[in-house]
Amino acid sequence: MEAAPPPWNAPAPVWSAAAPPAAPPAAPDSTDADLAAGARAQEAPVEAPPVEAPPVEPEVAEPVPAPWSAPPAGMDVAATMVAPPPGLGGAEREPTTLMPAWQPPPSAPPSVPDTMAMPTRPPAAAGTGPQAELTIETGPDAGHTHRAGDHALRMGRSPDNDVILRDPATSGHHARLERRGEQFWVVDLGSTNGTFVNGESVQEKQLNHGDRLTVGQNSVHFAVLGA
């Protein structure tokens with residue numbers, strides 16, 4: 001009969017404690033001399049490295065622009081148009097026109113109050129006083145008649161007269177027929193050849209019905225209407 005194997009026994013664990021860490025080396029004892037040296041080193045100022053200043057460039061004076069003045073009156077504005085440089089941007093640019101100097105706007109005129117319409121004066125009745133008639137008997141304008149009344153009649157060669165006498169012997173403004181109250185008077189206006197009443201040269205004279213005036217080369221008959 002075979003012998004039974006002996007029972008297995010586990011090996012006994014072998015434990016060994018870890019070695020304690022080595023202690024740090026002891027710091028050397030500081031002396032009073034070392035402490036004083038360290039204090040002096042901390043109190044000593046630290047000199048900063050020198051900083052170089054940047055170079056200073058000389059100032060260049062800018063040119064002063066010339067004062068602007070308005071273009072003279074009558075200047076051709078088209079001559080001041082500036083043409084653009086060729087080949088700028090590939091497209092043609094419109095020329096710039098010089099604008100005239102600014103002028104302040106004119107002040108507004110003072111307001112005018114509404115004007116009240118005045119009532120019209122009735123016209124004077126025609127023929128309120130004596131009326132007379134001049135009839136040209138000889139001369140270039142023979143046959144013409146003119147009525148005299150409230151308004152004076154001026155006779156002469158100029159076209160602004162009331163009675164135009166177209167002969168070279170008559171002055172531009174020769175004589176004037178006017179009414180003074182109830183009577184008619186003829187007044188010479190400084191004519192060259194004079195004014196005559198019934199053949200007598202006069203400066204001014206009251207006229208009677210039937211008198212004849214000579215003005216230049218014209219014989220003019222005077223008559224009072226209703227006489």
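# Notebook: strands, a hairpin and two buried residues

I began with one pair: Met155 stands opposite Ala175 in S5. Those two belong to strand S3 (residues 153-156) and strand S5 (residues 175-180), which run antiparallel and are joined by 3 bridges. I noted the rule too: two strands pair if DSSP finds at least two bridges between them.

**Ground rules.** This is a predicted model, where local features need pLDDT of at least 70 and side-chain atom pairs count only at pLDDT 80 or more, while totals for chains, interfaces and linings use all residues. Residues are numbered from 1 along each chain as its sequence is written, and side-chain values use heavy atoms, with hydrogens and water left out.

**Whole chain.** I found 1 helix and 11 strands. Along the sequence the pattern is α-β-β-β-β-β-β-β-β-β-β-β. Helices (H or I, at least four residues) and strands (E, at least two) are DSSP runs, numbered from the N terminus.

Next I checked pLDDT, the predictor's confidence in each residue, from 0 to 100. The chain's mean is 75, and 54% of its residues reach 70 or more. Among the elements, helix H1 (residues 32-43) has the lowest mean, 65, and strand S7 (residues 195-197) the highest, 96. Note to self: where pLDDT is low, the predicted coordinates should not be read in detail.

How much of the chain is buried? Buried residues make up 19% of the 227 residues. Buried means under 20% relative accessible area, exposed over 50%, and partly exposed in between (1.4 Å probe, protein chains only).

**The open sheet.** I traced 5 strands in the order S4-S3-S5-S6-S9, with mixed pairing. Why do S4 and S9 stand at the edges with one side left without a neighbour? Strand S4 (163-164) and strand S9 (204-207) each have a single partner strand, so one side of each has no neighbour in the sheet. In general, strands of a sheet pair through backbone hydrogen bonds, either parallel or antiparallel.

**Around S10.** Strand S10 (residues 212-215) has a covered face, Leu213 and Val215, and an uncovered one, Arg212 and Thr214. S7 runs antiparallel to S10, with 3 bridges between them. There I spotted Phe196 opposite Thr214. On to strand S11 (residues 218-224): 4 bridges join S10 to S11, again antiparallel. Here Arg212 stands opposite His221. S10 and S11 make a hairpin with 2 residues between the strands, and Gly216 in this hairpin takes a positive phi near 65°.

**Ser191.** I looked up this one in the loop between strand S6 (183-188) and S7. Ser191 is buried, with a relative accessible area of 12%. Which residues does Ser191 contact, leaving aside neighbours within four places in sequence? Those are Ser171 and His174; contact means heavy atoms within 4.5 Å. The side chains of Ser191 and His174 also share a polar contact of 3.3 Å. A polar contact is a pair of N or O atoms within 3.5 Å; within protein, one must be able to donate a hydrogen and the other to accept it, and residues adjacent in sequence count only if both atoms are side-chain atoms. The Ser191 side chain reaches the backbone nitrogen of Gly194 too, at 3.0 Å.

**Leu207.** Last stop: Leu207 lies in strand S9. Leu207 is buried, with a relative accessible area of 3%. Not counting residues up to four places away in sequence, I listed what Leu207 touches, including Phe184, Val197, Leu213 and Phe222. Leu177 is another of its contacts. The C-alpha atoms of Leu207 and Leu177 are separated by 9.4 Å, with the residues 30 apart along the chain.
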